[in-house]
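Me: I would like to work through the side-chain contacts and the strand pairing of one protein model, taking each point as a question with a reasoned answer. Please keep the reasoning explicit.

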Amino acid sequence: MSEKRILLKEREMKKVSLIALSIFILSANATFAAGSHIYANTFTANNITAIQHSIMTNAIQTFEGTAAAALGGRARLIKNDKESKSLYGTTPMYGWPRLYGEYGDDGSVQQTGRSGGDELSEGLETKDPRPVINSAWLTWQHFDDGVKFKGYDELNTDTDLIMFGLAGGEAQRGIGISEWGIFGGYVGGVQENEFINIDERGGYVGLYTGYNIQKFNLSFAANAGALYNNAEHKYGNDEFANLWAGAALNATYNIALDDTFTLQPGVYAGYTWVGSANYMSMSGDTVANQNFNVFEVAPEIRAIKHIGKGWFGSLNFKYAFMMGNSGDVVLNGNIMEELDSRDYAEYGIGIEKSIDRFNVALNLNRRDGGRAGWSGGFNLKYIF
């Protein structure tokens, strides 16, 4: 074979290879583009688990208290109110029995509320005057991150949560203090990549309760919500809805290293169920989504420091283990490959200040792993 023919043969082989590669890339892109709208419900269901984590942790935190409530040195706060103000600033009168209560040698609650100390209770009635509803709170949280699935491309997520709640019913139960609360809110956001854009809008309601034994906090929350979704893709727009319900348990323990510094290890465990209606996609496909069940376990540790004059700072770290069944997608009667979310780490900082009956807290967090990006927000609490 002549040298010229050999060169021509090599060129033809290169052309065939390039054509094959182009077809593969186009085919893969087309498959992913089609897959994106087929898996739209999987995307929103996974996002609900992140929404749930934020809802539950914020609701539970209202019982477990502010940074000031987590600190040690309770006796000195009771014995010298003027000294406590110089150390911790002006704090609300009611709502923090862990801050102002008096404890016996065996850890039992002798008296809850501000009237717990001898010097502070002088001239006051022995009966605790706290109202049934002791506080109201408002929270806004925002997270902007990329969601990664096993064997699938990343999806950018931009979500806002607004929550309002009431807390009350503080009462002594055995050697501890219990409390209840109700909350509700709005969720809105967008999930997108180059193949799909999903607009999400919905709301939720829930309740929580907690039990505190001096340094140990045990909290429980449950809620239910609905999410309306509009998925825009190359075939048109698909509309579908999600219903969800969930519950979470959180346990923390305060380790006071001194009057101004506390370590707070804990663990969060949550379950989320998401149900979805079947629908006919604009692509002409019948999409059926089975129920979505996910368990989350997140050990965490929080370091809380009184900076000075009533300002508190905190550092926190948690790692969320995601487990369960992400729900099969049935396309025209055929079961598609299941998409699983990945575990992720979250760490961040917070700052807090109490002014008279108000408590204001700001937080900024970073996520890495199965979710990678930033989140943050603020909480405003008013003590009656």
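The questions below move from aromatic rings to salt bridges, then to strands and nonpolar cores.

Me: This is a predicted model; how many aromatic pairs does the count come to?

Reply: In this predicted model, rings of Phe, Tyr and Trp are taken as a pair if their centres lie within 6.5 Å. Applied to the model, this rule gives a count of 8 aromatic pairs.

Me: Are the rings of Y204 and W244 stacked, edge-to-face or tilted?

Reply: Planes under 30 degrees apart would count as stacked and planes over 60 as edge-to-face. The rings of Y204 and W244 have their centres 6.4 Å apart and their planes at 40 degrees, so the pair is tilted.

Me: How many residues apart in sequence are the parts that Y204 and W244 tie together?

Reply: Both Y204 and W244 are buried. Y204 belongs to strand β6 (residues 196-213), whereas W244 belongs to strand β8 (residues 236-253), so the parts that this pair ties together are separated in sequence by 40 residues.

Me: Which strand holds F295, the residue that pairs with Y271?

Reply: The ring centres of Y271 and F295 lie 4.9 Å apart with the planes at 40 degrees, so this pair is tilted. The pair links distant parts of the chain, 24 residues apart, with Y271 in strand β10 (residues 261-276) and F295 in strand β13 (residues 292-308). The strand asked for is therefore β13.

Me: Is F295 buried, partly exposed or exposed?

Reply: Partly exposed covers the range between the buried limit of 20% and the exposed limit of 50% relative accessible area. Y271, its ring partner, has a relative accessible area of 28% and is partly exposed. F295 has 46% relative accessibility, so F295 counts as partly exposed.

Me: Which residue lies over the face of F143?

Reply: A charge is placed over a ring if CZ of Arg, or NZ of Lys, is within 6 Å of the ring centre and within 35 degrees of the ring normal. At 4.8 Å from the ring centre of F143, the residue lying over its face is R367.

Me: How many residues apart in sequence are the parts tied together by the salt bridge of D145 and R371?

Reply: The side chains of D145 and R371 meet in a salt bridge, with 3.1 Å from N to O, and both residues are buried. D145 lies in strand β3 (residues 133-149) and R371 in strand β19 (residues 371-383), so the parts tied together are apart in sequence by 226 residues.

Me: Is R366, the salt-bridge partner of D368, buried, partly exposed or exposed?

Reply: In the salt bridge between D368 and R366, the closest N and O atoms are 3.1 Å apart. D368 has a relative accessible area of 28% and is partly exposed. With 21% relative accessibility, R366 also counts as partly exposed.

Me: Which residues do salt bridges that share partners join into one network?

Reply: The count for the model comes to 6 salt bridges. Through shared partners, salt bridges join into one network the residues D145, E346, R367 and R371.

Me: What is the bridge partner of L218 in β8?

Reply: Strand β7 (residues 216-233) pairs with β8 in the antiparallel sense over 18 bridges, and the two form a hairpin with 2 residues between them. Within β8, the bridge partner of L218 is A251.

Me: Which strands stand at the edges of the open sheet β11-β12-β15-β16?

Reply: The 4 strands of this open sheet are antiparallel in their pairing and run in the order β11-β12-β15-β16. Two of them each have a single partner strand, so one side of each is left without a neighbour in the sheet, and these edge strands are β11 (279-280) and β16 (334-335).

Me: Which helix gives the largest share of the largest nonpolar core?

Reply: The largest nonpolar core holds 29 residues, of which I55, F183, Y204 and W244 touch the most other members. Its largest share, 8 residues, comes from helix α2 (residues 40-64).

Me: How many residues make up the second, separate core?

Reply: This second core is separate and includes F43, Y152, L155 and Y279. Its size is 17 residues.

Conventions. Residues are numbered from 1 along each chain as its sequence is written. This is a predicted model: local features need pLDDT of at least 70, side-chain atom pairs count only at pLDDT 80 or more; totals for chains, interfaces and linings use all residues. Side-chain values use heavy atoms; hydrogens and water are left out. Rings of Phe, Tyr and Trp (its six-membered ring) pair if their centres lie within 6.5 Å; planes under 30 degrees apart count as stacked, over 60 as edge-to-face and the rest as tilted. Buried means under 20% relative accessible area, exposed over 50%, partly exposed in between (1.4 Å probe, protein chains only). A salt bridge is a side-chain nitrogen of Lys or Arg within 4 Å of a carboxyl oxygen of Asp or Glu. Two strands pair if DSSP finds at least two bridges between them. A nonpolar core is a set of buried Ala, Val, Leu, Ile, Met, Phe, Trp, Tyr and Cys residues joined through side-chain atoms within 4.5 Å.
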